[in-house]
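Student: Could you take me on a close look at one part of this model, strand by strand? I'd enjoy hearing how the pieces there fit together.

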Amino acid sequence: MLPPASSAVRRGSNLPRVGDYNRAVVLDAVRRHADGLSRVELAALTGLSAQTVSNISRWLLEQGLVEEAGKRGGGPGKPRTILQLAPHGRYAVGVHLDPVVVTTVVLDLRGGVVARSDVPLAPEQPPAEVLALVAAEVAAVVAASGVPPERLAGLGVAVPGPVDGPGGAVVGAPNLPGWRRVAVREELAAATGLPVLLDKDVVAAAVAEMWAGGAGPTGSFAFVYLGTGIGAGLVLRGEVMRGASGNAGELGHLAADGEGPLCECGQRGCLGERNAPRSLVEQAHAAGLGPWPLEGELSVDRALAAVCRLADEDEPAAVAVLDAAAARVARAVSGVQNLLDVDLVVFGGPLWPRLERRFLRVVPPLVRSHEVASALHPVEIRGTRVGRDVTAVGAACLVLDDAFSPRSSVLLLTP
């Protein structure tokens with residue numbers, strides 16, 4: 001008698017899936033080399049045979065995913081034809097559903113933004129109203145981009161966690177009050193006519209850095225997301241680590257110092273609570289700054305902006321508040337860096353432009369001073385190269401990554 005089925009049992013593969021994987025490997029190699037690669041170089045880099053690379057290259061050209069970009073000489077034999085990613089081969093739409101704003105972008109295959117929009121949200125807006133607004137923005141931004149509908153690969157949506165990835169639903173994000181089991185994927189697919197992917201904002205930001213920002217020499221990094229909440233997108237050797245339920249990376253519930261308010265998780269002094277925008281403003285008030293009114297999310301945002309401006313002007317009390325926040329983040333980042341042995345930590349998210357100056361002074365030396373593998377490799381710590389729309393760009397990159405990146409899961413036979 002066979003034992004009961006288990007998701008932990010390894011699954012096999014077959015030749016068609018190996019073929020799909022090899023196509024993705026070749027396309028990924030071309031994508032990672034902006035100057036392009038010849039078929040000979042592709043064979044050397046990927047380990048595939050010259051005939052396999054030739055067949056795959058022909059298919060990619062027919063699909064409009066790569067294009068020929070002249071010839072390159074410099075060695076024995078005739079000049080070799082160079083293949084580059086075709087930016088207009090496919091496009092994707094990305095939406096970042098933040099508690100106070102919806103950002104929508106249309107992205108080309110190289111990760112370039114061809115159209116975007118911002119629409120403010122009120123905290124009390126019900127989910128159905130917000131999703132109707134998102135669908136309308138997607139239609140408007142796609143129309144403004146001029147992209148032919150048949151070239152759209154899909155719509156990616158990034159939201160605060162936790163999420164039910166397989167179910168395509170927000171399951172009760174603390175920063176989205178009233179969003180309990182909201183079927184975002186189903187609703188937006190029906191409203192837009194596009195295939196929809198849903199993921200956490202921190203995952204989307206990490207994918208954006210892979211596609212458009214540069215993921216470091218090993219492809220292993222942590223993206224630390226600073227927004228209304230705090231989290232980490234985790235990438236190991238080019239693959240995003242989502243965890244058992246798709247909700248990996250919740251830095252906010254790490255116990256920072258055992259002080260401060262009681263978190264909903266039952267611990268005191270969680271990083272997310274101590275470094276939340278409202279908490280930072282309250283710490284500034286306690287230090288004698290302000291006071292600023294805290295009557296809603298927008299007023300909190302304005303007050304935190306004032307604290308950050310004072311810190312940039314080297315006001316001692318404001319500097320102390322932000323430096324303490326940076327030190328708490330550094331302790332959490334140090335733990336993640338040592339646990340996963342990543343050689344790159346990237347910061348981004350809505351609050352990053354304001355916090356960047358102080359955090360890049362405080363965090364790198366603290367993390368490097370506690371790096372276990374420092375004798376083997378240094379750890380680079382920097383801000384995102386994608387810019388302010390990193391999460392919306394990442395939402396679109398979720399679609400491109402799902403369609404075109406080589407992932408080990410592609411090789412698995414579906415049950």
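Tutor: Let's start at Val95, whose bridge partner in strand S5 is Thr104. That pair belongs to the antiparallel pairing of strand S4 (residues 91-97) with S5, which extends over 7 bridges. The two strands make a hairpin, with 3 residues between them. This is a predicted model, so let me add how confident the predictor is: the chain has a mean pLDDT of 87, and 91% of its residues reach 70 or more.

Now follow S5 to its other pairing. Strand S6 (residues 113-120) is joined to S5 by 7 bridges, and the two run antiparallel. Here Val106 has Ala115 in S6 as its bridge partner. S5 and S6 also form a hairpin, this one with 4 residues between the strands. In its turn sits Gly111, with a positive phi of about 90°. As for the surroundings of S5 (residues 101-108), 7 of its 8 residues are buried, so the strand is largely enclosed by the rest of the structure.

It is worth stepping back along the chain to another sheet. There, 3 strands form an open, antiparallel sheet in the order S1-S3-S2. Strand S1 (37-38) and strand S2 (66-72) are at the edges with a single partner strand each, so one side of each has no neighbour in the sheet. S2 and strand S3 (residues 80-85) run antiparallel and are joined by 5 bridges; Val66, for example, has Leu85 in S3 as its bridge partner. Helix H3 (residues 50-63) packs on this sheet, touching S2 and S3, and its direction makes about 120° with that of S2.

Within S3, have a look at Thr81. Its relative accessibility is 18%, and residues under 20% count as buried, so Thr81 is buried. The side chain of Thr81 makes a polar contact of 2.8 Å with the side chain of Lys71. Leaving aside residues up to four places away in sequence, Thr81 touches Leu37, Ser38, Arg39, Glu68, Gly70 and Lys71.

One caution as you browse further: pLDDT stays under 50 over residues 410-415, although the model has 19 contacts beyond four places in sequence for them. Where pLDDT is low, the predicted coordinates should not be read in detail. Among the elements of the chain, helix H5 (residues 184-192) has the highest mean pLDDT, 97, and helix H1 (residues 15-31) the lowest, 82.

Terms used:
Residues are numbered from 1 along each chain as its sequence is written. This is a predicted model: local features need pLDDT of at least 70, side-chain atom pairs count only at pLDDT 80 or more; totals for chains, interfaces and linings use all residues. Side-chain values use heavy atoms; hydrogens and water are left out. Two strands pair if DSSP finds at least two bridges between them. Contact means heavy atoms within 4.5 Å. Axes are lines fitted to C-alpha atoms, for helices over the stretch in contact, and angles run from 0 to 180 degrees between N-to-C directions. Buried means under 20% relative accessible area, exposed over 50%, partly exposed in between (1.4 Å probe, protein chains only). A polar contact is a pair of N or O atoms within 3.5 Å; within protein, one must be able to donate a hydrogen and the other to accept it, and residues adjacent in sequence count only if both atoms are side-chain atoms. pLDDT is the predictor's confidence in each residue, from 0 to 100.
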